[in-house]
Amino acid sequence: MSRRIIQTLEGAWLPAAIFTLVTVVVAGGALQVKKPISKKGLLEAIRLNGLSTSELIERIRERGVNFQMTDEDARDLQQAGARPELIEAVKVNYRPEGGSPGGGSTRNNGAEFNVPAGAPLSQNEIVTLLQSGVDSARVEKIVEARGVDFTLTQQITSRIKSAGGSSALIGVIAEKSMSRSEATRPAVRVPAGPDYDELIDQATSALDARNWAYGITLLQRGIQMNPAKPTAYSLLEYAELYGNRNIMTASAAARAAVDRGGRAVFRVYHDHDGNFNSYCTGSFFVSKAGVTFKADNGAHTFEAGGPDIRESKLNGFVGIKYNAFHVKVGDASKSKNYNFAPATASKDEANLIVGLMAGYR
């Protein structure tokens, strides 16, 4: 937000308390309330290849990392399979731990700023912040820290979304508004255990160590904590399919992840020579927007939006003994074919992958 716009708001009808909050948020950046990602946790997530590069980058931008990148760190990440764009995101998102939500001093990319403590936000304050140009993600952090003083309705939801509020913001408001009825809740609550992101971190570590049962337990706790977020469903599908070999449970989790705006993830072999004599291993991601492949070594990637996919179905010849499938991208005059085989070599898994692609195209 420019200085001219801020001066206009200050001189107009914008209440002083909201103006102060807008100014602090704009000057200081997003409120740091989440625990930064450790190098160990990031390496585990990269090796597992259970989240796409774009998902990992989104998590890094949201939470930051607790280590300052060195040449050795960059080599370690690259050797684990990190793509260059992920390494770049790590470089610019160092955030030391120690920031506390709910007012007081916190940090964003090393710059200290004060977020004013205060009463829960009204719907008018939230709408004003959004209309004043404050990013929805920043408003979300403020709501997480201070709560709201109203009960969410469909009319209020429409008003906030019209002002620029995201679905994630609506979800946080819904959670905070439901908690208002708990009269004994303290003004500042100390969590009894790990939050959603920490559960995901712990589950990733468990799955990377092939401790499937513990990982599944953690992911189920994450789903209970926030059933609207897709990440726990994605990793639950991964664990159920490759740890428990439970195609039915994995299928339900995959669809839940995609329905919530996330990605279903499948371990695959990527054919290099048209007969699977030469191949690499990696993860194949399916979302409403399209498909993505990332090799475990980070060397090969493939991405196609839904409209670009001409065909996706099981193969009739190439890799048939592995129940391979293909994705054909491009138009009728110029197209390219990509062949993949499911890691389990199961027709059920291949049908699940192809079915998901067909269902969201």
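Student: Which residues lie nearest the centre of the largest cavity, and how many residues line that cavity?

Tutor: The lining consists of 13 residues, and those nearest the centre are I37, G41, A45, R59 and D201; a residue counts as lining if it has an atom within 4 Å of a grid point. This is a predicted model, in which local features need pLDDT of at least 70 and side-chain atom pairs count only at pLDDT 80 or more, while totals for chains, interfaces and linings use all residues. Residues are numbered from 1 along each chain as its sequence is written, and side-chain values use heavy atoms, with hydrogens and water left out.

Student: Which elements give two or more residues to the lining of the largest cavity?

Tutor: They are α3 (39–48), α4 (53–63) and α11 (196–208), where a helix is a DSSP run of H or I with at least four residues, numbered from the N terminus. The lining divides into 7 nonpolar, 2 polar and 4 charged residues; Asp and Arg are among the residue types counted as charged, whereas Gly counts as polar.

Student: What makes a space a cavity rather than a pocket?

Tutor: On a 1 Å grid over the protein atoms alone, a cavity is a set of points where a 1.4 Å probe fits but cannot get out, whereas a pocket is an open set with protein on both sides within 12 Å along at least five of seven lines. The structure holds 5 cavities of 30 Å³ or more, and the largest of them has a volume of about 110 Å³. The second largest pocket has a volume of about 220 Å³, and among its 14 lining residues K35, S38, G41, D201 and Q202 lie nearest the centre. The largest share of that pocket's lining, 4 residues, comes from α11, and the lining as a whole divides into 2 nonpolar, 5 polar and 7 charged residues.

Student: Why is R83 called buried?

Tutor: Buried means under 20% relative accessible area, with a 1.4 Å probe and protein chains only; R83 stands at 17% and therefore counts as buried. R83 sits in the loop between α5 (71–80) and α6 (84–91). Beyond its neighbours within four places in sequence, R83 is in contact, meaning heavy atoms within 4.5 Å, with T53, K294, G298, A299 and T301.

Student: What is the mean pLDDT of the protein?

Tutor: The mean is 83, and 80% of the residues reach 70 or more, on a scale of the predictor's confidence from 0 to 100. Over residues 26–32 the pLDDT is below 50, and this stretch has 24 contacts beyond near neighbours in sequence. Residues 181–188 also have pLDDT below 50, with 1 such contact in the model.

Key: Grid points are joined across faces, edges and corners, and a volume is the space filled by probe spheres set on the points. Buried means under 20% relative accessible area, exposed over 50%, partly exposed in between (1.4 Å probe, protein chains only).
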